[in-house]
Structures are given as structure tokens and as C-alpha cells.
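Let's take a walk through a protein model together. Keep the 3D view open and turn it as you read.

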Amino acid sequence: MTIKEILEQELCDKLVQSASLIIGHNVLITDENGCVLSSNDATRIGTTHGASVEVIRQGVKAYHDSKAAENLTGTRPGMTMPIYVEGEVVGTIGMTGAPQEISHFAM
């Protein structure tokens, strides 16, 4: 099962926009390959989010500061979490910002 089979594009967009408004930080959703499906920044859609590739591979959330983000394609400082469905990682959700600012929103 893929995230595209679970969430239609319109719903992904609504989730990203709503979450961003609530937390005050940029949000994105990727597919199982780390390709950005939806983002507050439309120029990121269709690009690879390097932090997501690692999170998908490892299956655990990751924080990436400015230095770490520089080494990850298409990644800004923030946090990336896997999206699990029936025990399988089907994509990620990423949020920009300092970990102390965004970690409580992630959960």
C-alpha cells in the first residue's frame, strides 16, 4: 500500500496547509520514496527530500539541524517522521524549525 492509495492529493494538500497554519512552520508529506507530494512551498513538490529517504530506510523519526540539512538533498532544518500503515512505512511528514519548537507538534 502506498500513501497515494491512502490519501488523495487534495487531502494531502489540506493536511499540509492545516498543520502549517496550526503550528506556524512549513510542513511537507512525501511518498515511500521520499518524493514530496505536498508542501507549503510548491517548488518542492516532485523533488526528493533527503531526510525522508533516510527516515524511510531506518523507520524512525529524525531531527536535522542546519549542518545536517546541508548534507541532505532538498532538506531544511527540522524534523521528519515516518508515516506507518499496517506496520509499513508509506511516506513521511516533515516540519521545518528547531526541534524544541516543533517536536511537541510532531506527535
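Which strands does helix H3 lie across, and at about what angle does it run to S4? This is a predicted model, and in it H3, residues 50-58, lies across S1, S3, S4 and S5. Its direction is at about 45° to S4.

## The sheet

Start with the strands, since a lot hangs on them here. Five of them make an open sheet in the order S2-S1-S5-S4-S3, and the pairing is antiparallel. S2 (36-39) and S3 (62-64) sit at the edges with a single partner strand each, so one side of each has no neighbour in the sheet. On average, neighbouring strands are turned by 20° against each other, if you ignore direction.

Now follow the sheet from one edge to the other. S2 pairs with S1 over three bridges in the antiparallel sense, and here Ser 38 of S2 is the bridge partner of Ile 29. Next, S1 and S5 are paired by four antiparallel bridges, with Ile 29 standing opposite Ile 93 in S5. Ile 93 turns up again one step along, as the bridge partner of Met 81. S4 and S5 run antiparallel and are joined by eight bridges. Finally, three bridges tie S3 to S4 (residues 78-85), again antiparallel, and Tyr 63 faces Met 79 in S4.

## Two hairpins

Two of these strand pairs are hairpins. In one, S1 and S2 have five residues between them, and Gly 34 in the turn has a positive phi of about 85°. In the other, S4 and S5 have two residues between them, and the turn holds Glu 86, with a positive phi of about 50°.

## The helix across the sheet

Back to H3. Which of its residues are buried? They are Gly 50, Ala 51, Ser 52, Val 55 and Ile 56. The cover over the buried residues of H3 includes S1, S3, S4 and S5. There's a handy bit of background for reading a pattern like this: an α-helix has 3.6 residues a turn, so residues three or four places apart point the same way. Just after H3 comes Gly 59, which has a positive phi, near 75°.

S5 is worth a look too. This strand is mostly covered, with seven of its nine residues buried.

## A close-up on Cys 12

Why does Cys 12 count as buried? Its relative accessibility is 2%, and buried means under 20%, so Cys 12 falls within that class. You'll find Cys 12 in helix H2.

What does Cys 12 touch, if you leave out residues up to four places away in sequence? The contacts are Leu 7, Ile 29 and Ser 38. You've met two of those names already: Ile 29 and Ser 38 are the bridge partners that link S1 and S2. For another way to place Cys 12, try Leu 28: the two are 16 residues apart in sequence and 8.9 Å apart in space, C-alpha to C-alpha.

## The largest pocket

Now for the spaces. The largest pocket has a volume of about 200 Å³. Twelve residues line this pocket, and the closest to its centre are Leu 15, Ala 19, Val 27, Ile 29 and Ile 93. So what is the lining like by class? Its residues are twelve nonpolar, no polar and no charged.

The elements that each give two or more residues to this lining are H2 (9-23), S1 (27-30), S5 (88-96) and H5 (99-106). H2 gives the most, with four residues.

## The largest cavity

How many cavities of 30 Å³ or more are there? The count is one, and the largest cavity has a volume of about 70 Å³. Its lining includes Asn 26, Val 27, Leu 28, Ser 39, Arg 44 and His 49. His 64, Arg 76, Met 79, Gly 94, Met 95 and Thr 96 line the cavity as well.

S1 and S5 are the elements that give two or more residues to this lining, and S5 has the largest share, with three residues. By class, the cavity lining has four nonpolar, six polar and two charged residues. Set that beside the pocket, where the lining has twelve nonpolar residues and no polar or charged ones.

Notes
Residues numbered from 1 in each chain as written. Predicted model: local features only at pLDDT ≥ 70, side-chain atom pairs only at ≥ 80, totals over all residues. Heavy atoms only, no water. 1 Å grid on protein atoms, 1.4 Å probe; cavity = no way out; pocket = protein on both sides within 12 Å on 5 of 7 lines; lining within 4 Å. Points joined across faces, edges and corners; volume = space filled by probe spheres on them. Nonpolar A, V, L, I, M, F, W, Y, C, P; charged D, E, K, R; others polar. Pairing = 2+ DSSP bridges. Axes fitted to C-alpha atoms, helices over the stretch in contact; angles between N-to-C directions. Contact = heavy atoms within 4.5 Å. Buried < 20%, exposed > 50% of the residue type's maximum accessible area, 1.4 Å probe, protein only.
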